[in-house]
Amino acid sequence: MTTPGQISKGCTQTPVLRERGQHEVFCGLTSIIWLHRMMPDSFFLVVGSRTCAHLLQSAAGVMIFAEPRFGTAILEETDLAGMSDAQDEIDREVDRLLSRRADIRRLFLVGSCPSEVIKLDLAKAAERLNARYAPKIRVLNFTGSGIETTFTQGEDSCLAAMVAAMPSSDTAGLVIAGGLPDVVQDQMLDLLDRIGVKDVRLLPNRSSDEEFGIGPNTHVAFVQPFLGETYDILVRRGAHPVSAPFPFGEQGTTAWLKAIASRFGISSDHVDAVTEPARLRARKAVAQASEPLDGKRVFLLPDSQLEVPLARFLSRECGMELVEVGTPYLHRDLVGCDLAQIADCPTLSEGQDVEKQLDRVRAARPDLTVCGLGLANPLEAEGLATKWAIELVFSPIHFYEQAGDLAGLFARPLRRRAMLQVAAE
Amino acid sequence: MKLSVWTYEGPPHVGAMRVATAMNGLHYVLHAPQGDTYADLLFTMIERRNHRPPVTYTTFQARDLGSDTAKLFRDACQAAYERFKPQAMIVGASCTAELIQDDPGGLGAALGLPIPVIPLELPSYQRKENFGADETFLQIVRTLAKPTDRSARVSCNLIGPTALGFRHRDDITEITALLNDMGVEVNVTAPYGATPADITRLGAAHFNVLMYPETGESACRWMERTLDQPYTRTIPIGVGATKDFVEEVAALTGCIPRLDTDRLRLPWYSASVDSTYLTGKRVFIFGDGTHVATATRIAREEMGFEVVGIGCFNREMARPIRALAKDIGVEALISDDYLEVEGRISNLAPELILGTQMERHIGKRLGIPCAVISAPVHVQDFPARYSPQMGVEGANVIFDTWVHPLVMGLEEHLLHMFREDPEFNDAAGPSHHAHGAKQVSDAPDPIGAQIIWLDEAERELRKVPFFVRGKARRNTEAFAEARGDSQISVETLYEAKAHYAR
Ligand code: SF4
């Protein structure tokens, strides 16, 4: 076995199967479900259709709030007829919203397929509203439309819009890009602090008061692999990305920390010394939790773009054999290090033709299929164990203390099948 | 433009999906962007269907818009036909495709497939899910159903049940048995479980039973006009309504009105002294028009409640609901604005809400118990057990369901997912009753009394979801004790977590 830091080609040269057919993936609006929780002072106003509102509601799954911090301004027949008043309508809805929600400091106008097809200019709307509400409220726009974005790309497009609006700065420091659950974020900050990395900034930040600048002395480490556009704009603004595998599992986390440490002149030995207990713990937890996964075959359908880093974790740390790794987009800048550490991946696919891909799943009969919610139960009914991918986006899975949980998420469907003694018909 | 936070109904193409998914041998080709595939999960997750909905989405992207989205549509139709070999296809556009005006109906027809290709015109920016289901089923029926000889024995069609319907699965069983008891056979149930071939046989029935006007009324009207089939107006939900339904069927068919009430328990349960406390309970009723109207009658005549307000979210039912409200001297609320419904409930301060999953959440916030009587549905509305709303067993189920929140206060929820949001916190608790909610204690066990939790560890522990926090605390203490530690740090907490990792 190669060590995590070792340079090898892994699967970087594997030919990519590119498919274009029916995509069975959510659109970027879905990201709002977790983004609004990571930015408690923000409201996400989708300008779209009843379908968009229904998607958000269905993806949220439960309806708990009196008024969540997201909503849909539903376009009506009258808005479609003449464009001039659509901008006025946005102003009216925003005024009404902001007068009711005094707690809002950041407002995101989110584009959808209908708003883009009718060429409703949300950038213009954001600019106008910004002029009206600054400095109390910051108004930005991004797209979550299904014709431009899939699932997690909504976060990418949101963060890219935030980066574009950031001031320039020469201050040296590290920016961590990618949303994380609080508990994981705290652990990460603690790890970085103990290693000796100071002045860490977070994107997205929890509050607009924590605003910071970007410039040639900014270093960026990514904790989510789906941030291609954010990556590009950060690089354009002079920031220096840290390439590393993603911090999943013990090996991923260690490699990620070491890559950052080395950027700041901190030795790898120091990282080892500081993280030793956590590494041991993580290794033990993964070993325990991944027992049912060892030697099993896994097929990942394209969903969240977490697929490549997870495939690395599953193959390198949990002993799984990869059948196919599918991803909506393959950003080599971001997942190159993970790809390099995957020793063997027979099929690497980008895009999707869901019917053909399901034919491949049926032919391969993997022990575990990682897929979206629309496909999970139908595959289970065909006798195939599945793990729904959306849980991987909502659950704390990064860094050492979650390494065992991450393996456990994949192991649970297999453990469950082993336990059940009554067959489903 | 209208700001919407939660919606009672999806877009009309979701209604069309409810029809397509309910049927067998029918395929729906929907011109739509990839994100619209989310609708599959409504069926596979909420209803736990073990098959994907029979829907092919063209999933066009921005880059296709400049080129040829019409070709994408044609290719998708052709591929769907070849792969699924359906008996008939329905074709249409979602909201986005409606804007690009590719004319799926025309494109589908031009393919010259050897099966009926039925075009759907569902105006996404004007209408909603129930309309979509009703209109889709009408189009299928008017394309496929033909006049035929009536069956030798008295028979009827059950019209209106769809996928994702509120207890449709069990209502079909109940009503089929009830009709069989009267000597009436069911010719075809549709859309639920029907094939396009079955639809061609609809005309053999002597009459139609309109189970759900929301999704079946247009088709029943059409069949009345074109196939000369009368249809029933009474929705057999509740004891009184079920008896009226039996009378109505008898009048239509000349059969003897017969209802087996051996298993009917609602009247006695309601009369028994234990139910005295239900007397005059103030209830607010909200949902789809059909379920609200039937629930209003049950509440007043069979449970002895006082109905303080009613309303429905589907505008198509505004007229009958307004008339009913006038009859019983309350104001009707016709709205699909969730905040407006919440406002009304909070003004009326009822003691019980009979509503949808939306009102269940309103009730939770306001501390008012709620029983669910209508779509929009939730995974809980598809129980494993038999639990119809219609007929004799339906009445029993309704008695239990309505009384349950009053007695116990329901509850469980995925609170943990949202527990850190400013709008919500642990203290609201897992109970349906916001007031007097009891927290499951996660206080230290006596065994851990000598072990000290350091502040930081205590804070970390609070990040653990409340329903497993007690267990996490006990495990950590047991772990620390076994190691002979006297203090628990964050480190200990995670050591213990790793130790117990499964
Ligand atoms: S795919 Fe487009 S129309 Fe559909 S929900 Fe997403 S943004 Fe809205």
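## A four-stranded sheet and a shared ligand site

B:Leu158 stands opposite B:Val209 in strand β8 of chain B. This pair belongs to a predicted model, and it offers a starting point for describing one sheet of chain B.

The strand that faces β8(B) here is β6 of chain B, residues 155-159, and four bridges join β6 to β8, residues 207-210, with the two strands running parallel. A further pair across these strands is formed by B:Asn157, which stands opposite B:Asn208 in β8(B). On the way to β9(B), B:Asn208 stands opposite B:Tyr231. Strands β8(B) and β9(B) pair in the parallel sense over two bridges.

The opposite residues named so far are collected below.

| Residue | Stands opposite | Strand of the second residue |
|---|---|---|
| B:Leu158 | B:Val209 | β8(B) |
| B:Asn157 | B:Asn208 | β8(B) |
| B:Asn208 | B:Tyr231 | β9(B) |

Taken as a whole, the sheet is open and has four strands of chain B in the order β7-β6-β8-β9, with parallel pairing. Its edges are β7 (185-190) and β9 (231-232) of chain B, each of which pairs on one side only. Helix α10 of chain B, residues 213-226, packs on this sheet and touches β6, β8 and β9 of chain B. The direction of α10 makes about 165° with that of β8(B).

Which residues of β8(B) lie on each side, and are they buried or exposed? In a regular strand, side chains alternate between the two faces of the sheet. In β8(B), B:Phe207 and B:Val209 are on one side, B:Asn208 and B:Leu210 are on the other, and all are buried. Both faces of β8(B) are therefore covered, as buried stands for under 20% relative accessible area.

On a wider scale, chain B is divided into domain 1 (12-130), domain 2 (155-253), domain 3 (266-413) and domain 4 (444-501). The centres of domain 3 and domain 4 of chain B, taken over C-alpha atoms, are separated by 45 Å.

The model also holds a ligand. Because residues from chains A and B surround the ligand, the site is shared between chains. Two elements of chain A, α2 (50-60) and α5 (113-117), give two or more residues to the shell around the ligand. Of the 13 residues around the ligand, A:Cys27, A:Cys52, A:Cys113, B:Gly35 and B:Asp36 come nearest. By type, the shell divides into seven nonpolar residues, five polar and one charged.

Terms used
Residues numbered from 1 in each chain as written. Chains lettered and ligands numbered in written order. Predicted model: local features only at pLDDT ≥ 70, side-chain atom pairs only at ≥ 80, totals over all residues. Heavy atoms only, no water. Near = heavy atom within 4 Å. Nonpolar A, V, L, I, M, F, W, Y, C, P; charged D, E, K, R; others polar. Domains from an automatic or database assignment. Pairing = 2+ DSSP bridges. Contact = heavy atoms within 4.5 Å. Axes fitted to C-alpha atoms, helices over the stretch in contact; angles between N-to-C directions. Buried < 20%, exposed > 50% of the residue type's maximum accessible area, 1.4 Å probe, protein only.
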